[in-house]
Amino acid sequence: MQRKLLIGLFLAPTVIGLGLFTFLPILASVVLAFFSWDIITPPRFVGLENFADIAADPTIRVSFLNTIGFVVVAVTLQLAVALVLAVLVNTRMPGLLKSFFRSVLFFPLVLSAASVSIIMGYLFNENFGLVNHVLNLLGMADVPWLTSTHGAMIVVILVYVWQNFGFSFLLFLGGLSSIPKEVYEAAQVDGATGWKQFWRITFPLVSPTTLVASVMAIISALQIFDQPYVLTRGGPGDSTRTAVMVIYESAFKQLEFGRASAIGIVLTVVIMLVTAVQFRLSRRFVFYG
């Protein structure tokens, strides 16, 4: 009994914390999705009305389409950049130099997304930004990065990828370091070098890491908020408005907490479905050698 009591005491802070700050809010959000509530007046049961409003609201549809488009481009670019850099850093170089590159490439991830977005907003400013200044030096005209539909999304994607590829980079670096050197030596004996080694050996053997990195990257990208909110406030128009931005605006600007909870549930379901599809496809494309 003393042993069980001691185990319970050690687990209590974590269990209580998860219950109060994770499971209870999730349950409250699910229940709240079926009510209309603005904090001021008592909650009013509306059934599936909030979900019907989601289907009928063009802003929500656009925000989800923006989010999906962003995820496809940003995650693909993030994983590609991370894998290429991991392969380059994993080549034969002094250990001190490897540590330097690991730290430098991972460093953007520890920075605040809001502060990074503010700085990037100045860099991509159409009138006095450094990026357009460099383009002018090259004889090119100013680009309305943050005031045009396509330009704004490009900036959001670039800022997001620059700040988040470091985590995928470390995952790939760990996956590459676990590949036995004997495999590459045998491939060299058979005449496989360069691109053939990467495509026939490195890429298949790092596929489990690719699965983990892609799952985590997609889940994170589907919840993007900081970069588009700070850089563009969802504009111009609704071109960079994302699903989480609509949740924030519904809850804290329009005081429609039931509607915000319903949108959050829909986004959660989308994340679960995408993750399930990834694991389903992994049976065919992931090689556990």
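This passage describes the pockets, aromatic contacts and salt bridges of a predicted model.

The largest pocket of the predicted model holds about 640 Å³ of space. Its lining is made up of 17 residues, of which Asn90, Thr91, Arg92, Lys181 and Tyr184 are the closest to the pocket centre. Three helices, α7 (149–177), α8 (181–189) and α9 (195–205), each supply at least two residues of this lining, and the largest share, four residues, comes from α8. When the lining of the largest pocket is divided by class, six residues are nonpolar, seven are polar and four are charged.

The second largest pocket contains about 390 Å³ of space. It is lined by 17 residues, and those closest to its centre are Ser207, Thr210, Leu211, Phe285 and Val286. Two or more lining residues are given by each of α3 (58–89), α9, α10 (207–222) and α13 (257–285), with α13 giving the most, namely six residues. The lining of the second largest pocket comprises twelve nonpolar and five polar residues, and no charged residue is found in it. Helix α9 thus appears among the contributors to the lining of the largest pocket and also among those of the second largest pocket.

Aromatic contacts were examined next. The count of aromatic pairs in the model comes to 16. One of them joins Phe35 and Phe45, whose ring centres lie 5.4 Å apart and whose planes meet at 75°, so that the pair is classed as edge-to-face, the cut-off for this class being over 60 degrees. The pair links distant parts of the chain, since Phe35 belongs to strand β1 (residues 35–36) and Phe45 to strand β2 (residues 44–45), the two residues being ten residues apart. With regard to accessibility, Phe35 counts as partly exposed because its relative accessibility is 23%, whereas Phe45 has a relative accessible area of 56% and is therefore exposed.

Ring pairs also link Trp37, Phe225, Tyr229, Tyr248, Phe252 and Phe257 into a cluster. One member of this cluster, Tyr229, has Arg233 lying over the face of its ring, at 4.4 Å from the ring centre.

Side chains of opposite charge can pair when their charged atoms come close. In the model, the count of salt bridges comes to four. Among them is a salt bridge in which the side chains of Asp238 and Arg241 meet, with an N to O distance of 2.1 Å. Asp238 has a relative accessibility of 30% and therefore counts as partly exposed, whereas Arg241, with a relative accessible area of 11%, falls under the 20% cut-off and is therefore buried. Arg241 also forms a salt bridge with Glu249, in which the closest N and O atoms are 3.2 Å apart; both Glu249 and Arg241 are buried.

A further salt bridge is formed between Glu256 and Arg259, where the closest N and O atoms are 3.7 Å apart. Glu256 is partly exposed because its relative accessible area is 35%, while Arg259, with a relative accessible area of 11%, is buried. Glu256 and Arg259 are linked with Asp57 in a network of salt bridges.

Definitions and conventions
Residues are numbered from 1 along each chain as its sequence is written. This is a predicted model: local features need pLDDT of at least 70, side-chain atom pairs count only at pLDDT 80 or more; totals for chains, interfaces and linings use all residues. Side-chain values use heavy atoms; hydrogens and water are left out. On a 1 Å grid over the protein atoms alone, a cavity is a set of points where a 1.4 Å probe fits but cannot get out, and a pocket is an open set with protein on both sides within 12 Å along at least five of seven lines; lining residues have an atom within 4 Å of a point. Grid points are joined across faces, edges and corners, and a volume is the space filled by probe spheres set on the points. Ala, Val, Leu, Ile, Met, Phe, Trp, Tyr, Cys and Pro count as nonpolar, Asp, Glu, Lys and Arg as charged, and the others, Gly among them, as polar. Rings of Phe, Tyr and Trp (its six-membered ring) pair if their centres lie within 6.5 Å; planes under 30 degrees apart count as stacked, over 60 as edge-to-face and the rest as tilted. Buried means under 20% relative accessible area, exposed over 50%, partly exposed in between (1.4 Å probe, protein chains only). A charge sits over a ring if NZ of Lys or CZ of Arg is within 6 Å of the ring centre and within 35 degrees of the ring normal.
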